[in-house]
Amino acid sequence: MKRTYRWLSILQWFVGVGAIGGGTMAILFPEGPGGMPADALKYAPFDNYLIPGIILFSVIGLGSILSAFSIQKKMKHHAYIAMTSGWALVIWIVVQCIMLRTVVALHIIFFVIGLIEVFLSGILFIRQNLFPINLIRGIMSSSKKGSAELKLP
């Protein structure tokens, strides 16, 4: 379990710091952050990178850092925060690929990192018997007993 926490925390710090850096660049230089031309957004609903930069900074960046911190401190809902953060990264990458109409190596790398975060968070859900795992286990155990009524754990 220690390894799960350690790897999840490392990945989320990595994603968070990178997203804060990228988001800051997009906010400060919305017409071309890091040399990315604004015309790459021709299929996106944005004229520049300001709004995507704000989303990257706040949702992916701060969200991942909050998640990493909650994992390290084992705060009450850390597994839920980590799962949400992982799915946010996966969705961010998919939407980005759709809007830019391209897939590059970094998209694949961060998509996989997001899936790993979701997988590791899932391990926390299983080991801590969190919702919906507890519900699924309750349904499975009641069906094994042949019981007609379902008792929620």
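**Note on surface patches and the nonpolar core**

1. I55 is partly exposed, with a relative accessible area of 33%. The model is a predicted one. I55 sits in helix α2, and its area counts toward a patch because the cut-off for patch residues is over 30% relative accessible area.

2. The patch in question is nonpolar and lies on the surface: it is formed by M25, I27, L28, F29, L50, I51, I54, I55 and V59. Together these residues have about 740 Å² of accessible area. At least two residues of the patch come from each of α1 (2-28) and α2. The biggest contributor is α2, with 5 residues.

3. A patch of positive charge is also present on the surface, where K2, R3, R6 and K74 gather. Of these, K74 belongs to the loop that runs between α2 (50-73) and α3 (78-100). K74 has a relative accessible area of 51%, and it is classed as exposed because that class begins over 50%.

4. Turning to the interior, the largest nonpolar core has 23 residues. The members that touch the most other members are L8, I60, I71, L89, L124 and F125. Each of α1, α2, α3 and α4 (105-128) supplies at least two residues of this core. The largest share comes from α3, with 7 residues.

5. Read together, the points on helix α2 are these: α2 gives the most to the nonpolar patch, and it also supplies at least two residues of the largest nonpolar core. Helix α3 provides the largest share of that core.

How values were computed: Residues are numbered from 1 along each chain as its sequence is written. This is a predicted model: local features need pLDDT of at least 70, side-chain atom pairs count only at pLDDT 80 or more; totals for chains, interfaces and linings use all residues. Side-chain values use heavy atoms; hydrogens and water are left out. Patches are made of residues with over 30% relative accessible area and no salt bridge: like charges are joined within 9 Å, nonpolar side chains (Val, Leu, Ile, Met, Phe, Trp, Tyr) within 5 Å. Accessible areas come from the Shrake-Rupley method with a 1.4 Å probe; for residues, only the protein chains shown count as cover. A salt bridge is a side-chain nitrogen of Lys or Arg within 4 Å of a carboxyl oxygen of Asp or Glu. Lys and Arg count as positive and Asp and Glu as negative; His and the chain ends are not counted. The place of a charge is taken as NZ of Lys, CZ of Arg, CG of Asp or CD of Glu. Helices (H or I, at least four residues) and strands (E, at least two) are DSSP runs, numbered from the N terminus. Buried means under 20% relative accessible area, exposed over 50%, partly exposed in between (1.4 Å probe, protein chains only). A nonpolar core is a set of buried Ala, Val, Leu, Ile, Met, Phe, Trp, Tyr and Cys residues joined through side-chain atoms within 4.5 Å.
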